[in-house]
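I'm new to this one and would like to go through it by asking. Could you show me the structure and then take my questions?

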Amino acid sequence: MTIIPEIIITLFWMIVFILTAGFIGRERFQNNPLLMGIVIVVTIVGTLGSFFYFKDWVERIIDEKLADGASQAPGSTSGVHAIRDCLECPQMIVLPASSFQMGLSQQEFDWAVRLGASSKSLRTEQPQHKVAVNEFLISLTEVTRDQFDAFVRASGHKTASACWSHIQGQPPTKNWRDPGFPQSGDHPAVCVSHSDAKAYVRWLSNETGKEYRLPSEAEWEYAARAGSFAGRYWGWENSNACRFANVTDLTTASVYLHLGKDESSHFPCTDGFAYTAPVARFQRNSFGLYDTIGNVWEHVEDCYRDSFASAPTNGNAWLTEDCNNHVIRGGTWLEYPWQIRSSARLGATTDFQSSLVGFRVARAR
Ligand SMILES: [Ca+2]
Ligand SMILES: [Ca+2]
């Protein structure tokens, strides 16, 4: 983060304020009430604006320092008590019961618009509302190919080969074994539909005797924000995203030449992955979770609605009887920066498969 503009602006208005206060007592100044009025009004407006600008800057620095301090070495699970219910089960951690503000704050809304988001699309992430979440467990990472492969081998589950490729215009013929780009076993399983993810958690429940499920949308956002009030758990800046997530970086932009050249289309940094990245490769959030934002969109339990009006406030999934459209969260390796946010959400039909979409799992204690 560059701090020079913030310091210059704040110092400038402090000096103007001090000079104005000094001039007010002078006779020549008092003899010109119009000039004095204009100067006082401009000074007050500028000083107040500077104060709020400075306050916002301090909050951003604090948030990024908290994220830095909480972050651990990539791939490390030190400091996190992870639970694994079987050899091929995802590692789980306990998140404490708490409450948080779900959805877009006005500050996030304004920031997302500056990144390039449309006001209309952002309305689907509002109104911001307070949600109380019970204690639950969530997987440290997205479910990997190896973990999904164990499920397929044991259960005989068949997925469709109707996965949308990452290449626009290609017919949807891919599948989780061949998403259209190279993956090793520690990459997130993609081309898995909401139905496939539900089948996986049913199998996991049978295998372990624990009640595995997809996280509710509220649980997912609580987990992804990890106490941060910024638009991303690491802060607001685009320039440091590549330390925390696999995003549309300069590596991806070198492959997808149709992407624009500016910061509205990709992040101005290098994470080293043109497509998906192995899970737990980047710094985790202060809860200890990896890749909540970026790498792949993640299925959650809830049915999709285009607003949070009347959404549950108890952390439960928001369901309806005739639900064929479910929520996905977190953005991906091929997404505009304005979609790489804690609050970003989309709807996907129950059988929708994409090389951009995977999932992580949750369960009660
Ligand atoms: Ca990338
Ligand atoms: Ca993710």
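What follows is a run of short questions and replies.

Me: How far should I trust this, and what average pLDDT does the protein have?
Reply: This is a predicted model, where local features need pLDDT of at least 70, side-chain atom pairs count only at pLDDT 80 or more, and totals for chains, interfaces and linings use all residues. Residues are numbered from 1 along each chain as its sequence is written, while chains are lettered from A and ligands numbered from 1 in the order in which they are written. pLDDT is the predictor's confidence in each residue, from 0 to 100. Here 90% of the residues score at least 70, and the average is 89.

Me: Which residues stay under 50 in pLDDT?
Reply: There's one stretch to point to, and the model gives it 14 contacts beyond four places in sequence. A contact means two C-beta atoms, placed from the backbone, within 7 Å. The stretch is residues 66-73.

Me: How far apart are the centres of domain 1 and domain 2?
Reply: The bounds come from an automatic or database domain assignment, which gives domain 1 as 4-68 and domain 2 as 76-363. Along its principal axes, the C-alpha trace of the protein spans about 90 × 45 × 40 Å. Taken over C-alpha atoms, the two domain centres are separated by 42 Å.

Me: How many helices and strands does the protein have?
Reply: Both are DSSP runs numbered from the N terminus: helices are H or I with at least four residues, and strands are E with at least two. Counted that way, the protein comes to nine helices and 10 strands.

Me: In the open sheet with antiparallel pairing, what is the order of the four strands?
Reply: Two strands pair if DSSP finds at least two bridges between them. S1 (92-95) and S5 (212-213) pair on one side only, so by the pairing rule they are the edge strands. Strand S4 (136-139) is joined to S10 (362-363) by two bridges, with leucine 137 standing opposite arginine 363. The order is S1-S4-S10-S5.

Me: And which residue stands opposite histidine 299?
Reply: That takes us to an open sheet with mixed pairing, in the order S8-S7-S6-S9. Its edge strands are S8 (345-349) and S9 (357-359). S6 and S9 run parallel and are joined by three bridges. Opposite histidine 299, in S9, is phenylalanine 359.

Me: Why is helix H8 described as largely enclosed by the rest of the structure?
Reply: A residue is buried if 20 or more other C-beta atoms lie within 10 Å of its own, exposed if 12 or fewer, and partly exposed in between, with C-beta atoms placed from the backbone. The buried residues of H8 include Glu217, Trp220 and Arg225. H8 covers residues 217-225, and it is largely enclosed because the buried ones number nine of the nine.

Me: Which element gives the most to the largest nonpolar core?
Reply: A nonpolar core is a set of buried Ala, Val, Leu, Ile, Met, Phe, Trp, Tyr and Cys residues joined through C-beta atoms within 7 Å. The largest one has 67 residues, and Ile138, Val190, Val192 and Ala223 touch the most other members. The top contributor, with five residues, is H8.

Me: Is lysine 198 buried or partly exposed?
Reply: Lysine 198 lies in helix H7 (194-208). Its C-alpha atom is 9.5 Å from that of valine 361, though the two are 163 residues apart along the chain. Lysine 198 has 17 C-beta neighbours inside 10 Å, so it counts as partly exposed.

Me: Where is the cis peptide bond that has an omega of about 0°?
Reply: Look in the loop between helix H5 (119-122) and strand S3 (129-133), where proline 127 sits. The cis bond joins glutamine 126 and proline 127.

Me: What is the phi of asparagine 295?
Reply: Asparagine 295 lies in the loop between H9 and S6. Asparagine 295 has 31 other C-beta atoms within 10 Å, so it is buried. Although asparagine 295 is not a glycine, its phi is positive, about 65°.
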